[in-house]
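Got your viewer open? Let's take a walk through this one together, one selection at a time.

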Amino acid sequence: MRYILRRIASAIPLLFGLVTVTFIIVHLAPGDPTALFIDRDADPSYAQNLKTALGLDQPLHIQYFRWLKQVATGDFGFSFTKNAPVSDLLAEAVPRTLLLSGSALAVNFLMGIAIGIFTALRRGTRFDRWVNTIALFMYSMPEFWLGLMLIFAFSLAIPIFPASGCKSPLAEYLPWYEYILDVLQHLVLPVVVLGVASAAATARYVRGSMLDVIQQDYIRTARAKGLGEISVIGKHALRNALIPVVTLFGLSFPFLLGGAVIVETVFAWPGMGKMTVDAIFTRDYPMIIATTLVSGTMVIAGNLLADILYALIDPRIRLGGEG
Amino acid sequence: MNLRVPMTLVVFALLAFAFHSCGKSGGGLENTAIVALSADVENFNPILTTSTVSSEVQYCLYPQMFDLTFDLARGRLIYKPGLVKRWEMLDSGRAIKLVLRRDVRWENGLIVSPQDVKFTYELLGDPSVASPQKHYVDDMIFTNGKFDLDKSIEILDDSTMLFHFRRGHPNQLFYLTIPPLPKYVFKDIEPRSIRQHPANLKPLSGGPYRFERWTRHQEIVFASNPKCTYPGPAILDGVIFRIITEPQTRLMELKKGTIDLMWPVQPEDVDDLKESYREIRLETLPPRQYEYIAWANIDFQEYRKSGGKTIRPHRLFGETRVRQALTYAIDRKSILDAKLGKYGELAVGDISPMFRWAINTNLRPYPYSPEQARSLLRQAGWQDTDGDGVLDRNGVKFEFSLLYNVGNARRAYAATVIQENLKQVGIVVHLVPLEATVLYEKMNTKDYDAVLAGYNVSLSIDPADRWGSIDNPFNSAGFQNDRVKELINLGMNAIDEEKAAYYWKELQAILHQEQPFTFMYWIKDIVGVNRRLKQTNISTLGVLEGIGKWKIGDPRSSYSMD
């Protein structure tokens, strides 16, 4: 527990540094945020007035300290382009992105681990070769193209899934169980693109790791003791084989919020990835900095979670150097 | 272990899940239209929006000042009574008296009053609002450089208003078309804080629909406004705008029948839609946007450095014959054919072909002629003296950067063709794709040699915003010509369109000769509509114009209209 608290405490200066650097970079990057929402033939005083209203006429350090003060009170500022508080916008988009990316991550690791184990156990068989070929094919397919092909195949040609959006129009008025089913249906195609393609990569990691483990002496000993195959693999081999997967999981964690930009665009999924990209293109400074802060937090949380999982899987590892 | 039985069950369960209520929605959609938007709206305040999508959606919410139509045969805007029931031009067009209806109400029952209209113009003219629609007051009365609200707009009684303008102009009425805002809602806010007013996001309606819900990047839901007295409650129960930015996804939703209307349809998708999707009809809008290459006619760097005092011709594009040569050297027709086909036309100038009365029909587009281009460049002294394949003059190579925005496939293609075409005549072009914000900043500060961009023209002809002054941000070429200034002044003060047309035609002839821009092509947007949607009034005024009168009907009933 002390270790976790120490890690969280050490993350604060890291996040502080991250937002400071982001703040400086976005303000120094070329591009005037007011250029997009006032007429180009308007008197220059109009642009100046708008900059004053948005606080952009102040020196950079004043803007920075003002922003820090706001954030300290839980206020991320006001989005220039969306005309709404940034915290409201994040509150709308983050849960939707977490639903999509979280489902994709679950599919990725559940499928990836299962396929990895099966192909390792059936090494060199036709099943192994086929699965490896398909996995490589899925992994090398561009998300954009795969998304459009899936929409064409399973929404237009064989209309079994919705093409886009995160729910049907007016689905809010359906009974709750139908509403959930409706959202799940909308999740299928984007999750396939995000999760199944990544599962292909995870499966290859697990397969390699599993092959290493099942050739080790202690597995032979377990079999020699007369343990069943399920017990040997599930109890003894899997635990060790999953250690590299935990690293992969930790690295995938930040993707929960920022990695789905292309899929969100293709499937019109109203999440944070799209919002972040729009903010960057429109130089919506408060929005860019807030999304960076959230993503940075996710990276740190991902690493912390990976470390905790290591300790759970491998008893030899003791957090905080106590063991 | 035999996995066959559980696997079969899983497959059946998945299929049942997939087919369960697929395409089904929350019910109550039988009399609701679903429209796909290519981008989310910025807000619902007509004086704070810049995007076309935002302006279109406002047709649902605000009472329109006039019932406008565009007479394509004559190329003229026709004004019919709307919120304004009568109007009278006074003082040779320098004043307009409006009489408003007294029965038009906001959703909360308050009457849409002359105070609302005047308040809207007060906000438009207030520099602290920095309205992108500020040009609506540009021709009204200014005192000491500031918009003078009381001298511009008088309220004579509870339904009559008098607008004053600096000059008479046949189309001054156009500047009275911005929909009014409810003063009651906005009156207590500091103008400079208006962008943060919650009513921008949740508007009070006075139009055929009322606001129900907006989920950013997802959907906007409007319901018929039963309290709308003019033009009356929408016939449909509601309209849902779905935000689908990816064009191919939007198109597949249209093909699938899960949306009723989308735009723009890409020209390359038209044949497939016509052949395989009989339930979809396509409507083509008259051209209101053109693309151009702005050549820096003057040395912008020197002009900026001297604070606008030094005007020197640009080292490459300062001469008329060089700019003509560039237009001859670019195969605009091949770009047009490849990217727009019959949904575009070569541009001669910057007055839209839809304004038939103003078009100088004697002018023809420059043909693609590399020979003519080489000859003109030679006459201007540009030759390849050192045999490296690049033209030079007095030790200066003919080499420049062409800026354009990323994310526009047609422009990216055009830029590549331009680069290749100009290489054929010995000119080196460096392509510089830029993010929109960076490009706009460079265009505003005129920090470039050449830029490939586009322009949406208004429904009224006003060349002053492009050719009036070098400092005008839309005069992207820094073009200056005394006769052009004179013609703009004459045209803008002409008492009727026939007289104005005389000046506009001469103006086009000068631009055609001088080629400050290479005018590329006009673009006609294509709108895809499911035939179940009836009584749409898609026109150059707007795709959603008249949305209150839309109906849902039998999709088969209009097949014969093809």
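Start by selecting residues 2-72 of chain A, which make up domain 1, and give residues 89-321, domain 2, another colour. The centres of domain 1 of chain A and domain 2 of chain A, taken over C-alpha atoms, are 33 Å apart. Keep in mind that you are looking at a predicted model.

Now find where these two domains meet. Domain 1 of chain A puts 16 residues in contact with 14 residues of domain 2 of chain A. On the domain 1 side, eleven of the touching residues are nonpolar, three are polar and two are charged.

**Zoom out to chain A**

Show the whole of chain A as a cartoon. How many helices and how many strands does chain A have? You should find 14 helices and zero strands. Turn chain A around and picture a box about it: along the principal axes, the C-alpha atoms fill roughly 85 × 60 × 40 Å. Of its 323 residues, 40% count as buried. Among the contacts in chain A with a separation of 6 or more, 73% are between residues 24 or more positions apart.

**Where chain A meets chain B**

Next, bring chain B into view and go to the contact between the two chains. Chain A contributes 59 residues and chain B contributes 56 residues. On the chain A side, select helix 2 (44-54), helix 4 (86-121), helix 6 (143-157), helix 7 (176-214), helix 12 (261-266) and helix 13 (272-281), since each of these elements gives two or more residues. The largest share, six residues, comes from helix 2 of chain A. Colour the chain A side by class and you get 36 nonpolar, twelve polar and eleven charged residues.

**A seven-stranded sheet in chain B**

Hide chain A and look for an open sheet of seven strands in chain B, with the order 10-11-12-1-13-23-14 and mixed pairing. Its edges are strand 10 (209-215) and strand 14 (280-284) of chain B, each of which pairs on one side only.

Select strand 12 of chain B, residues 238-243. Are its residues buried or exposed? Six of the six are buried, so strand 12 is largely enclosed by the rest of the structure. Turn on the side chains here. In a regular strand, side chains alternate between the two faces of the sheet. In strand 12 of chain B, Gly238(B), Ile240(B) and Arg242(B) point one way, while Val239(B), Phe241(B) and Ile243(B) point the other.

Now check the neighbours. Strand 1 of chain B (residues 32-37) pairs with strand 12 in the parallel sense, over six bridges. Two pairs to click on: Thr32(B) stands opposite Gly238(B), and Val35(B) stands opposite Phe241(B). Strand 11 of chain B (residues 219-224) runs antiparallel to strand 12, and five bridges join them. To see one of these, select Val221(B) and its bridge partner Ile240(B).

**A six-stranded sheet in chain B**

Chain B has another open sheet to visit, this one of six strands in the order 16-22-15-21-19-20, again with mixed pairing. Strand 16 (344-346) and strand 20 (428-434) of chain B are the edge strands. Look along the sheet and follow the twist, which averages 25° from one strand to the next.

At one edge, strand 16 of chain B pairs with strand 22 (residues 517-523) of chain B in the antiparallel sense, over three bridges. Click on Glu345(B) and then on its bridge partner, Trp522(B).

Then select helix 12 of chain B, residues 409-424. Helix 12 lies across strand 15 (289-295), strand 19 (399-405), strand 20, strand 21 (450-456) and strand 22 of chain B, and runs at about 165° to strand 20.

**Last stop: helix 11 of chain B**

Finally, select residues 370-379, helix 11 of chain B, and show the side chains of the buried residues Ala373(B), Leu376(B) and Leu377(B). Why do the buried residues line one face of helix 11 of chain B? Look down the axis: they fall within an arc of 100°, so they line one face of the helix. Among the elements covering them is helix 9 (320-329) of chain B.

Spin round to the face turned away from the buried side, where you'll find the exposed residues Glu371(B) and Gln379(B). Then step past the helix to Gly381(B), whose phi is positive, near 95°.

Key:
Residues numbered from 1 in each chain as written. Chains lettered and ligands numbered in written order. Predicted model: local features only at pLDDT ≥ 70, side-chain atom pairs only at ≥ 80, totals over all residues. Buried ≥ 20, exposed ≤ 12 C-beta atoms within 10 Å, placed from the backbone. Helix = DSSP H or I, 4+ residues; strand = E, 2+ residues; numbered from the N terminus. Pairing = 2+ DSSP bridges. Contact = placed C-beta atoms within 7 Å. Arc of directions from axis to C-beta. Axes fitted to C-alpha atoms, helices over the stretch in contact; angles between N-to-C directions. Nonpolar A, V, L, I, M, F, W, Y, C, P; charged D, E, K, R; others polar. Domains from an automatic or database assignment.
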